[in-house]
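Okay, thanks for squeezing me in, everyone. Let me put the thing up on the screen and then talk through a few spots.

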Amino acid sequence: MTERPTFSSNRGLAGRLALSRLATRVSMVVERGWPLLLPLVIVACLFLSASWFGIFSRLPDAVRIGLVAAFGLAGLAALYPLRFFRVPGAAEVDRRIEAANNLLHSPVLTQSDRPSGRESSFSQALWREHQKRMAAKLDSLGADVPRTRVPERDPWALRAVAALLLVTAFAFSFGPTGGRIGDGFSARGMHDALPPRIDAWVTPPAYTGKPPIFLTADANQATPTFHVPEGSDVSLRVTGGSGEETLAYADKDGSARSIDPASPQAASAKPATSPAVPSKVRQFTGKLTSDGTLTLKSGGDELGRWAFAVIPDKPPQIRFVGEPKRAANGAFELNYQIDDDYGAATAKAVFALADPQAPGAHPLYGPPDMPLTLPRRGGKSNAARTTKDLTEHVWAGSSIRLTLVATDDAGHTASSETKTLVMPERPFANPLARAVIEQRRLLALDANAKPHVLDLIDAITLRPEDTFDTMSHYLAIMSARSRLKLAENDDQLRGEVAYLWEIALGIEEGNLSAAEKRLRQAQQALQDAIKNGASDQEIEKAMKELREAMNQFLQEFAERAKQNPNAPQMQQNGQELRQSDIDRMMDQIENLAKSGDRDKAQQLLSQLQDMMNNLQAGRQQQGGEQDSQMRQQMDKLGEILRRQQEMMNDTFRMDQMQRGERPRGQTPDEQLGQGSGENQDRQGLGQNQDPRSRQKPMTPQEFAEALKQLQEGQGQLKSDLEQLKKGLEGMGMEPNEGFGEAGKSMGSAEQALGEGQGDEAVGHQGRALEALRKGAKDMMKQMQAMQGDQGGSQEGGRQQNADRDPLGRPRASQGPDFGDSVKVPDEIDVQRARQILEAIRKRLGNALSPDIERSYLERLLELK
């Protein structure tokens, strides 16, 4: 009854029945095997969790081995329930199918059974009919799901704890302190509990201005080679680890050198009896001088590798820019250029006498010391200039060989070409002063010449009533002779040399020399304070000394100018150099130095020194009554130029107001209030009639009145120009055609204003202004030719034009500024620039513009 047939007449039923039996058998195997296998799975989960949490790596070997053995015994014990596992039989599977599908009369078993006893044709037919009826109940046959009944055995779901630990430990294993499955079977009791943390960085030299490079940063992990400046310091710190890490640097030629770790600072504080424990932090430091690879190892394991390409530090280059020359005040001026990849550290001028000294000479002084000003690091230009007064040095006036030497921070030194020249000296016009200076030079260049100098002084003082105009000079020289005779060592002789210099200056210049010397010392002290990064208190003290020295110098300068009509003057008609200009510049120097902008303060101080140099070298322009009349006429021309410029701006604004426009970026109030101070002295427009001073919109009547005022002002300006032309012709000058063109343009502008054509009037006024400038330039040339003053030459090769003041600026008192020195855009130029910008923006907003054109337009607007 329990044997299954080898075939079935209904193949579809047989297939469904076979699948149902297979699924049910698997379900019964899981149902019986899972409760027996669960203890082993829980033990395995706990073991994996302990491994991934790193518990085994933190335990001593004895505890680790004991814990692993406990897990092993637990695993063996968990295998014991598996002996009770029994594979389900065929009848059990069929009964489970019938029970799962609620089938009565065992239809599944019927399909595989056969009748007992003797078989006949009737019994076989009857059995087949019975199987057929039972098979009809198996059309919707299905399998049963497993029922492990584990929740009944573990109602608190403690088995989920093992699963949760397993998932958490697996995620933790990817961290820096995570463990591995093999930790339980490897001896790690003597190793550090924490894996090594590596921090590595490269610090370029400070003079390069490069930032540090963090080698272990996430952003630098994919960098194959790091480019670093030569002399960079590489630092590597290992926290944790075994304490046996080693660091080596291999050059590109294969030679390797090890970098020893720095000794721990706390080692000396530990007692001698304490056991040796590896340091938790190991610090490595080395220098990178050539290309190579840095490798960090721990035993046989490589912990890190970094490749470096070292950028060599190029030596500097220094060269002369032009020839060394004498400044206006006699100072030695050097223009040069220093090129270096990171900027030079120091530079100086090296002096040597071109003519060899006599054998056995005993000089009291060596070559002069002249440090050079360095160009600003990172600046656009590497050119620089240094000016120093060397006229007091004993080599002044001698033939020298000059070489410039520059040194960078890496120690590389470069020299320029050697030039042979005569060192600038202070010219002395007084014969007695020149004689004293000559004896001073002989004594300074050779101390053995002392007897000869005494004889020469005796010769000078032989007949004092014929040689000296002032007895104080005679007494000073006799005092110097007595001091020289008593001098016995080099220090006393050097003091005598300095005393002779003071005597010569007193004979030549009087009190002005002392004031000038104090001023130069104050300027040098302030320059050194700014260069050395002095505090605000020190800078304030140096500025106070400079102000006092400047006031004393200017006072002496003014007194000497009164006594000597041919001496250079501080001001001429109040427009050359004023005390307020100097005070304002010194205030700016002090504010810049205190605010931290030392480079700008140094540059402004150099400009102040140049101003004083030009002032000392300036000359008073001579001229008689005719010269004064010429200057008056040129001043009138400058006034006409100014009024025409303002008239053009007024006309332009009125034209905008007529069209209902206003300058961009201005509110109506700003437009109405703009330039109210400029119209206080305007002849063409009265103060009460100025349209820009109105706060309310102009009515048509007021607008017409304003245009009438502009027309009258333009007509008055044309009349003034005609009177100026007649005045110039009466002085023997010939006004060129520029004045005629200006008069015609003014007339056209007056007519256009009368017709209300503001745009056309602005064009005529612009042409009139340009013609006036051309005529003014020609008149200035004629005036200079009539005066016969083409600029005097000064010692040192400098030329000062007759139309320049001692500071090198155009003389406003001798005529107008024709716009060739400083170009200030007027309002029409500003409006034209705005129109160009609007056209660029409009073109840029076109979506169909090519990419190349859009990129070019963006560069024009400086958007990138």
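I'll go through a surface patch, a pair of helices and one lysine.

Just so we're clear, this is a predicted model.

So, the patch. Which residues form the nonpolar patch on the surface? You've got Leu22, Val26, Val30, Trp34, Leu37, Leu73, Leu76, Leu79 and Leu82, and together they have about 790 Å² of accessible area. Two helices, α1 (11-52) and α2 (61-79), each supply at least two residues of that patch. The biggest giver is α1, with five residues. If you want one to click on, try valine 30, which sits in helix α1. Its relative accessible area is 38%, and with partly exposed running from 20% to 50%, valine 30 is therefore partly exposed.

Next, the helix pair. Generally, you describe two packed helices by the angle between their axes and the distance between the axes. Here, the axes of α8 (residues 431-445) and α12 (residues 490-508) come within 9 Å, and they cross at roughly 165 degrees. Anything over 145 counts as roughly antiparallel, so that's what α8 is to α12. As for handedness, α8 passes α12 in a left-handed crossing.

Last stop: lysine 777, over in helix α21, residues 758-787. Buried, exposed or partly exposed? At 37% relative accessibility, lysine 777 counts as partly exposed. Now look across to glycine 738: the two are 39 residues apart along the chain, and their C-alpha atoms are separated by 9.8 Å.

That's my tour; happy to rotate things around if anybody wants another look.

Conventions
Residues are numbered from 1 along each chain as its sequence is written. This is a predicted model: local features need pLDDT of at least 70, side-chain atom pairs count only at pLDDT 80 or more; totals for chains, interfaces and linings use all residues. Side-chain values use heavy atoms; hydrogens and water are left out. Patches are made of residues with over 30% relative accessible area and no salt bridge: like charges are joined within 9 Å, nonpolar side chains (Val, Leu, Ile, Met, Phe, Trp, Tyr) within 5 Å. Accessible areas come from the Shrake-Rupley method with a 1.4 Å probe; for residues, only the protein chains shown count as cover. A salt bridge is a side-chain nitrogen of Lys or Arg within 4 Å of a carboxyl oxygen of Asp or Glu. Helices (H or I, at least four residues) and strands (E, at least two) are DSSP runs, numbered from the N terminus. Buried means under 20% relative accessible area, exposed over 50%, partly exposed in between (1.4 Å probe, protein chains only). Axes are lines fitted to C-alpha atoms, for helices over the stretch in contact, and angles run from 0 to 180 degrees between N-to-C directions. Angles under 35 degrees count as roughly parallel, over 145 as roughly antiparallel, 65 to 115 as roughly perpendicular and the rest as oblique. A crossing is left-handed if the near helix is turned anticlockwise from the far one by less than a right angle, and right-handed if clockwise.
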